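Look at the structure below before reading on. The paragraphs that follow go through it part by part.

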Amino acid sequence: MALPVEEWRLCAARRWAALEPALRERLEVASLRDMVLLGCDLLRPEVEAAVLRRLCRRARTGKEPEAARFYREEGNRLFGRRHYGAAVRLYSKAASHEVPGSPDVSICFANRSAALFHLGRFEVCLEDIARAESHGYPDRLLPKVLLRKVECLLCLGRLQDAADTLSVVENKIGVDGNMTSPTHQTLLKKVNQLKDKIREGESCPEPAQEACADIQRKSDIWEENASISGASSSLSLKFNRERGRHLVASQDILPGQSLLKEEAFVSVLCPGENFHLQDSSETTWDTQVTNADLYCHCCLRQLLASVPCYGCSYAKYCSQNCADMAWEQYHRTECSLGALLLTLGIFCHVALRTVLLAGFAEVSRLVEWSHDGGKDLHNPEARCRILGEAPDTTAGTRGIPGCDDDGQYQSSYQSVFNLLPHAEKHSPEHKFLCLFSVVAVCQQLQEAGPEAAVLNQKSSEKGSKPNMCEQTLGELSAELKTLAEAMLRHMLQLQCNAQAITVMQELGSGDGAVVKKQPVRLATAFFPVLSLLNHSCCPNISVSFSGTAVTVRASQSIPSGQEIFHCYGPHHCRMRVAERQQLLSQYFFECRCQACLDELESGVKSVMSTRNSFCCPSCRAPMQVGEDVLCCSEEACAISVSRESLSRRLGDLKQQINMALELLRDRKADQAIRMLLKCQMDARNFLSPEHLLMGEMEDHLAQVYATLGKWQEAARHLERSIEIVEMHHGPSSVELGHELFKLAQVLFNGFAVSEALSTIQRAEEILSVHCGPQSTQIQELQEMKTCLSDLPRSILQRI
């Protein structure tokens, strides 16, 4: 979650209420610097620190050998049932809980290599075998693992390496083996079989081939902006009183054209909705998979065989390179604070990592610079006066907040620091919560030692873990007060400038013929250049992510001189204007985009509102909106129904749909179909035929029929879903592209060649605009098209 856990929020609220009224008044109007000076000693050891210590015990981020043993045994159980993917994840959990130097770590890697071999992931399997060897895998068990290595090398066509490894195995068996034992005889038999395969130049039978990595990829035409890092030369940076900093098209832009490619200055992996804070007294461990198990904590790439941190059980990496990079840049400080940071929330974690990445020297320089502006630093006009530039400039970038002395706007800490914190607009209670959380982190850093934490020097040992809040809490050092002020600034900035990094994540096991995906929030990040974009409920760009990098593309034609707009919150297709305005209030502005103005000035319900409305249970006409009671729009009918009863009915319907999806996950497809068809009948009695939920039910039915191999039925339901999605989101929306992708999969599997080819073409046209030619969906569509196009003419004529 972005903010701290509820118990800490309540604790901070109680402390705020108990403050002297005069101190509260001073804190309400204080600058960030004065807030830190006033608040750095408000965290009492015997009260708030004790609460925090208790809350941190729930996160359980330390090494626990008992947990490792549990996860390894669960992995063995699933391996025995041939659930190799699930076994890999449990072996990874086991490895992350093993104490460094324990021989059991090597067992985890060896077991995981076996599961990876059965998944056909031979390169990764070899990496795990190497890890098992380097961590002291028992010598008596080594021949079996080395024979697996030989098989992997054969499958990859590396015959000489396979022969060399086999020689090592033979020597080992000859020296260590009991010639008469059944195990020895089995190993010798396997050696002889592999010898024959090497001589014949054969490869082993493969459970699955790894994906080819040298797919020909298209590249975007790109000319980088001279003054904005990562931006296209088709953009220019402007600044005025009304719009603040913003980007404008300096030439005509075509749909699909890349406008920005930016690496996050900082990003922190979100634990995910399934992450469970567990009391330390509990002796059971959660086997549920979370973001922390699925993605690298450094580069955010999807994990297969993770490399654990030496010091904690939480941080996992895709490679030793990422683990070492994270340790050098920030994790040597964060490692011992894992439980605290999970308790205090993502915003606090991002704030800490931001200052660690920047380094104390740069943080100190900019904090001191901010003091020159005093309380007016949050005012753009005042900030321009400090920089010696008129605030209404649009000619050139020199003097625009965040730009360097040469007028360059870089993806740098200076740009992050200059994002608006809106300190005067946050509620006093929220500012105090942020202050309280930042002080808690800085006090813990002080206990860990400022030389390691603040001055960004290497600690003596990886994973050194001081106890949370065990020492007497003293006044913060001058360096930590500077750090606290910067962190407080960043926590306040994040409310308006945090960017969610999202990925399309597969639902279910992923072993079906049709892959169903949904967007998942993966991380929270600062993107300084992306933050220049102002909001519109009807944006003209599309945003996609790859690891920690963002790519912005034009989703429509943008004429020269038009501003580039991002959508911060609900799109106008998804929500009525009043609800959008309420949600957008968190950004401290009233949206006056064209979509909002059109809807507000017309005085008529939006198309989206009409389509997502209730209908009369008697005559099916739309129900007219009212506060507590909805009336049928047909005067002859005049039926009225309470809003509460219809909302309750809608909630019950969604619950029934979820139960049907649970049946599908349990492979009870027939029962799932019956329940979904019943849900459809119920929905038709009180929902508009164009309601998005009607489309979702069609999509779910298509998924069930696809699992049964009933491709025509699946296609029929998907086509209905596509009609509703297109009505809501438009004919060129990314939502429609995702639905067309699923339809292409169904038609491909159903061997409906001509329909599949036309659907593939339409999906490609849409998704290439939003996701670019290198996206996995585009690659899959091209592979399907190639496969269908290569079919012999005689077969195509019979279809």
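In which helix is Ser-113 found? Ser-113 belongs to helix H7 (residues 104-118); helices (H or I, at least four residues) and strands (E, at least two) are DSSP runs, numbered from the N terminus. The model is predicted, so local features need pLDDT of at least 70 and side-chain atom pairs count only at pLDDT 80 or more, while totals for chains, interfaces and linings use all residues. Residues are numbered from 1 along each chain as its sequence is written, and side-chain values use heavy atoms, with hydrogens and water left out.

Ser-113 has 0% relative accessibility and therefore counts as buried (under 20% relative accessible area; exposed is over 50% and partly exposed in between, with a 1.4 Å probe and protein chains only). Not counting residues up to four places away in sequence, Ser-113 touches Cys-125, Asp-128, Ile-129 and Arg-148, where contact means heavy atoms within 4.5 Å.

Next come the aromatic rings. The whole structure holds 11 aromatic pairs. Rings of Phe, Tyr and Trp (its six-membered ring) pair if their centres lie within 6.5 Å; planes under 30 degrees apart count as stacked, over 60 as edge-to-face and the rest as tilted. One tilted pair is Phe-265 with Tyr-413, at 6.1 Å centre to centre and 35° between the planes. Phe-265 lies in the loop between strand S3 (258-263) and strand S4 (266-269), and Tyr-413 in helix H18 (residues 413-417), so the pair ties together parts that are 148 residues apart in sequence. Both Phe-265 and Tyr-413 are buried.

Tyr-413 also appears in the largest nonpolar core, which has 123 residues. Such a core is a set of buried Ala, Val, Leu, Ile, Met, Phe, Trp, Tyr and Cys residues joined through side-chain atoms within 4.5 Å. Trp-8, Leu-27, Tyr-413 and Ile-564 touch the most other members of this core. Helix H19 (residues 428-448) gives the most to the core, with 11 residues. A second, separate core of 59 residues includes Met-623.

Met-623 leads to a sheet, where it stands opposite Cys-632 in S14. The sheet is open and has three strands in the order S13-S14-S15, with antiparallel pairing; two strands pair if DSSP finds at least two bridges between them. Strand S13 (623-624) and strand S15 (640-642) stand at the edges with a single partner strand each, so one side of each is left without a neighbour in the sheet.
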